[in-house]
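Work through the two exercises below with the sequence and the model open. Each task is followed by a solution in steps.

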Amino acid sequence: MGIRLGDLVERFGGQLVGEADLEVQAIAPLDSAGASHISFLSNSKLRALAAQSQAAALILSPLDDPTVAATYEGARIVTTNPYAYFARTAQYFASLTEHVPAPGIHPSAVVDPSATVDPTAHVGPHVTIEAGAIVGAHVVIDHGCFVGREAAIGDGTHLFANVTFHARCRIGKRGILHSGAVIGTDGFGFAVEGGVYIKIPQTGRVLIGDDVDIGANTTIDRGALDDTVIADGVKLDNQIQIGHNCQIGAHTAMAGCVGVAGSAKIGSRCTFGGAAMVLGHLEIADNVHISSGSMVSRSVLEPGQYTGFYPLAKNAEWERSAAIVRNLDSMRAKIRNLEKTIKTLTEEK
């Protein structure tokens, strides 16, 4: 189904240079776009590629437009944030062909009589919804999901197949929980007596705000006493572990395999690269950006980019560097003794 460029500009803004009635059928990358496609330029390093693109239209910034327009012959939508414009355009295209499940409860689903399911919600095959749970308007719960007792699913939220949403946990509006996500498992809490572990009951909840995306096989533990809190707009990738009693601020994003230990407090608008690790009971300020593979072992109280890993090297070179690091303490002691000796000799003269 085609979309007029004029309709895009009416919906999302921007300045159109070209024919408003021109229709595009899909979005494509710069190097493979054809006469029925719209593409985008969000990286100025690709200006030359954009200038040679065969796309019918381009989304680009005012900074890139003059250079590209010199040789590019298609229509252009000029906007301050081409990548965000591309995202909204992609959403619009997807909505035109999106399958919307019919409201209703599948006959194989098991819904406790005391649960509240809005008539507009879709409850798929083999779903279990326990006592006192609340499922809001236009919620989609795909097959095989589990919603625990007194849990609450906000309006427009989508649980993909085989999501587990444990008792008393809550998620707000327009959330997305991908397959295999587990919300509200017990936190890892044990006391030790005589070398034996004694389990500490995890009686808190997981409270998730609006517009939160949670990736496949990501786990968020319930709090031990207080709640684990995920604020509005948080985006969590696949296979992430969030420990009990953590707090994650609004619009923070984490890439795959990030691990956050219990009781860490993370601010708003932070980003974490893949496989970054955060130790427990630390505090991270707003607008902190942690590089992939970094280990956060202390609180970070000022905004900025932080990196905490040793650069990749050939194994033999890495072993030599590691040996030097192990000897730094003794080397420091030798240097200090040498400085004292030099100072003594200087004073004697």
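**Exercise 1. Find which residues make the nonpolar surface patch of about 520 Å², and place Tyr 197 in its strand.**

Solution.
- In this predicted model, the patch is made by Phe 188, Phe 190, Val 192 and Tyr 197.
- Take Tyr 197: its relative accessible area is 61%. Exposed means over 50%, so Tyr 197 is exposed.
- Tyr 197 lies in strand 23, which covers residues 196-199.
- Strand 23 runs antiparallel to strand 22 (residues 190-193), and four bridges join the two.
- One patch residue, Val 192, has Tyr 197 of strand 23 as its bridge partner.
- The two strands, 22 and 23, form a hairpin with two residues between them. In the turn, Gly 194 has a positive phi of about 60 degrees.

**Exercise 2. Determine how many disulfides the whole structure holds, and decide whether Cys 246 is buried or exposed.**

Solution.
- A search of the whole structure gives zero disulfides.
- Check Cys 246: the nearest cysteine sulfur belongs to Cys 270 and is 13 Å away. A disulfide needs the two sulfur atoms within 2.5 Å, so Cys 246 is in no disulfide.
- Check Cys 270 in turn: the nearest cysteine sulfur is that of Cys 246, 13 Å away, and Cys 270 is in no disulfide.
- Now apply the burial cut-off, under 20% relative accessible area. Cys 246 has 0% relative accessibility, so Cys 246 counts as buried.
- Cys 270 also counts as buried, because its relative accessibility is 0%.

Technical notes:
Residues are numbered from 1 along each chain as its sequence is written. This is a predicted model: local features need pLDDT of at least 70, side-chain atom pairs count only at pLDDT 80 or more; totals for chains, interfaces and linings use all residues. Side-chain values use heavy atoms; hydrogens and water are left out. Patches are made of residues with over 30% relative accessible area and no salt bridge: like charges are joined within 9 Å, nonpolar side chains (Val, Leu, Ile, Met, Phe, Trp, Tyr) within 5 Å. Accessible areas come from the Shrake-Rupley method with a 1.4 Å probe; for residues, only the protein chains shown count as cover. A salt bridge is a side-chain nitrogen of Lys or Arg within 4 Å of a carboxyl oxygen of Asp or Glu. Buried means under 20% relative accessible area, exposed over 50%, partly exposed in between (1.4 Å probe, protein chains only). Two strands pair if DSSP finds at least two bridges between them.
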